[in-house]
Every structure is written in structure tokens, then in C-alpha cells.
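Ready for a walk through a protein model? Open your viewer, show the side chains, and follow the stops below.

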Amino acid sequence: MRFKRVFLTVMDSVGIGEAPDAEKFGDKSADTLGHIAEKMNGLHMPVMGKLGLSNIREIKGIEKADKPMAYYTKMQEASNGKDTMTGHWEIMGLRIDTPFRVFPDGFPPELIQELEEKSGRKIIGNKPASGTEILVELGEEHVKTGALIVYTSADSVLQIAAHEEVVPLEELYRICEIAREITLRDEYMVGRVIARPFVGEPGAFKRTPNRHDYALKPFGRTVMNELKDSGFDVISIGKIADIYDGEGVTKALRTTSNMDGMDKQVQTLDMEFTGLSFLNLVDFDALFGHRRDPEGYGKALEEYDARLQEVLDKLRDDDLLIITADHGNDPVHAGTDHTREYVPLLVYSKQFKEGKELPLRKTFADIGATVADNFGVKMPEHGTSFLKDLN
């Protein structure tokens, strides 16, 4: 069975229970979906339920399907890490054995000094922080002094926040390019530099949609490269193009929220193309996981489920829908870090008479291998296709 279009959705950070090696990452007992469902006294996600989410592992409030519509299982990450880039790169066939560096105590003084010298601006912050809370804390000082707000997160990321009326966008982007050049060095190896422009007055600062990511290029060719070079379409929705630094992308659609991401996915369902539509829904992670907000996370999951039927209805007979995640971010776990978890895998087509359980996947790269197999392009070095199991 082959498909003309594959729609791949990554529910950013929606883990489904601790991985076997979770303790090594400090994540024993992590369970993103399970703990959210407990806090919500049950999740209302009937569409994911009928696809087979609770057949993977029962989730409070989500009924287990007698006849699941999708093929279902969970996936274990093979790479050494639990960040966004590691998970996504593995999904498209790469394996990362040396994790990107994270900076739980802020960036080294020599990095900050060099960035100050080359940007011509002082730097304040330099610590892990929420993107909104750091504006409350330091936004007014930034507006008064013009100093750049630099902060990080649980990801391997250096973020630079600046008011658009204090630091023009062109200057902020230029500074981020300087930071990207500095942080590519082996002693730093930061995964991404992100421009975080904002507007407003003290007490009412608001980030704008003019965010721009400067990511490392994948260290090898991904399935997306193989698709593009073979003449197939690869449509990026959300931050996918940034995560892969544009590699293998033929069309990029930016988003402002999960629901905007769903709007864009619905748009691509109406497009004529042959290849891959690849969506990341970042709000689960950025707005609720890192901020340890299980109730907000739960509502966002239910909002996603409420839009999912529209996607199912628009799928054509020769379309394939794959729903998964890239890591966990248990909102009741200690700290604000990602969590090392299994991720769900749901695979649906209108051609399927009934879904079945797939074997446990030992690497996220099985998705990339399946996509490559479907379109007859070069298979990735890692991953095993499950295309033949879909019938």
C-alpha cells in the first residue's frame, strides 16, 4: 500500500510514559499524558481515542477503542538526548550520539563578553527563564538601557529578546547571526539561536510573530533531503523549517499557535502536491510543558482533538496521517526540563479497514524510513519501515 501524500504531525513534547533509560536523564516516573489526565480528572479526546491513543496505554478519560481506526504503538528514542532537534532529526533518519550542550547556569562569561563586543550592546539576564517572565523581569531595564536580554531554556538554545522600537529587527537579526557564528564552535555547540522581538510598555510587553530561528544544519542528509532532491514536495508547517535549517524543505508555512498550525494543515489538505506535509505543534511544549501548567496543557490537548476530525474528514483515500511526538515535557515533573519518555505513534488512512497494534519502535527513525519507503527514495541509515505492516 502506497500513499501520494503523507501528513506528519509532531505534538511537541506529548510523551506517553518514562523511557527505559529515563533515570539516566533524571526523569524517573515522568509521564506527560498520564499526569495531565490525572490533573484534569480525565482528558476529553474522543477523536484520538477512536484512533487508538488509549490502546497504546490507557489514559484516564480516553476510552480504549474496541476497533481502533489507526495502527498504534509507542516509540523509544535511540539518540542521546531529549531536546527538540534531537527528536526531530531522529524522526527523519539521523541518530545523535553526542547531545547538544545545554546551559542550566547560563552561558560562559567569555561567550557573553564576545557577544557584547561584537554586537556593541551590553547583555542582561544570561540564565534559564520563561520567555514571558524574563520580559516582566528585565523588559523595562532593556527599554531604558538598550541592553540585550539573553536567556536559555531546557533546550540547547540561546535566545535574544529585544523591543522592536529599541533594537530594530534588522539589527536584532544581525546580532543573532553573530551569536550563531560564535556558538557553532565546539566548546559551545548550541543547537539554536532565536531572535525574540517584543513590543509594548512595562507591564504589558508582548512578543511579536517576528521570531527567527538560526539552527544548526543537520549533520547528515535526512529523508527530507532525499524527497526534495527526487522531485517530491516537502511542506514545513510551524518551526519544522527552522529545526532542519531549511534543509529538504520546498515550502515553509509559519504559524503563530497550535490552532494556526491546524489551520495551515487543513490548507495543505486542500493543496495539490505529492510528498510530505510536516507539522510541529509547539504550544504544548513552549506554553504549558516548560511552564509546568498541566491544566493548560490538558486544555490544549482537548483543543487539538476538537480540530482533528476536520483533518480526518479532509484526508483523501491515498493520504496517510502520522501523529507522534519528539520527547516528553511532564508538567508535574521537577524543574522545567524536557523528560525522557516514549512517544505515541498513530498511523491512519481511509484505506484501512481497521487499525492494529504495531511492534514497539526502537527508534523514531522508523517514521523517516517508512516515508522514504513509501516514496521510493534512498532509505536512511537508521530506522526500519513499517509500510508493509499497513494493510
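Start by selecting Lys74 and Tyr342: the charged end of Lys74 sits over the ring of Tyr342, 4.1 Å from the ring's centre. Keep in mind as you look around that this is a predicted model.

**Stop two: a salt bridge between buried partners**

Now select Arg340 and Glu77. Their side chains meet in a salt bridge, with 3.6 Å from N to O. Arg340 belongs to the loop between β12 and β13, while Glu77 belongs to the loop between β2 and α4, so the bridge links parts of the chain that are 263 residues apart. Are these two residues buried or exposed? Both Arg340 and Glu77 are buried.

**Stop three: rings that meet**

The structure holds eleven aromatic pairs. Select Phe3 and Phe352, which form an edge-to-face pair, 6.4 Å centre to centre with 90 degrees between the planes. Phe3 lies in the segment before β1 and Phe352 in the loop between β13 and α13, 349 residues apart. Phe3 counts as buried because its relative accessibility is 4%, and Phe352 counts as buried at 7%.

Next, pick Phe7 and Phe273, another edge-to-face pair, at 5.7 Å centre to centre and 75 degrees between the planes. Phe7 is in strand β1 and Phe273 in the loop between α10 and β11, so this pair ties together parts that are 266 residues apart in sequence. Phe7 has 0% relative accessibility and counts as buried; Phe273 is buried too, at 5%.

Add Tyr71 to your selection: ring pairs link Phe3, Tyr71 and Phe352 into a cluster.

**Stop four: helix α13**

Colour α13, residues 365-375. How many of its eleven residues are buried? Ten of them are, so the helix is largely enclosed by the rest of the structure. Among the buried ones are Ala365, Ile367, Val371 and Phe375. Asp373, by contrast, is partly exposed, with a relative accessible area of 24%. The side chain of Asp373 meets that of Arg2 in a salt bridge (3.8 Å, N to O), and this pair links parts of the chain 371 residues apart. Just after the helix comes Gly376, whose phi is positive, near 70 degrees.

**Last stop: a network of charges**

The structure holds 29 salt bridges. Select Asp155 and Arg192, whose side chains meet in one of them at 3.2 Å, N to O. Asp155 is buried at 6% relative accessible area, and Arg192 counts as buried at 4%. Finally, add Arg211 and Asp213 to see the network of salt bridges that links these four residues.

Methods:
Residues are numbered from 1 along each chain as its sequence is written. This is a predicted model: local features need pLDDT of at least 70, side-chain atom pairs count only at pLDDT 80 or more; totals for chains, interfaces and linings use all residues. Side-chain values use heavy atoms; hydrogens and water are left out. Rings of Phe, Tyr and Trp (its six-membered ring) pair if their centres lie within 6.5 Å; planes under 30 degrees apart count as stacked, over 60 as edge-to-face and the rest as tilted. Helices (H or I, at least four residues) and strands (E, at least two) are DSSP runs, numbered from the N terminus. Buried means under 20% relative accessible area, exposed over 50%, partly exposed in between (1.4 Å probe, protein chains only). A charge sits over a ring if NZ of Lys or CZ of Arg is within 6 Å of the ring centre and within 35 degrees of the ring normal.
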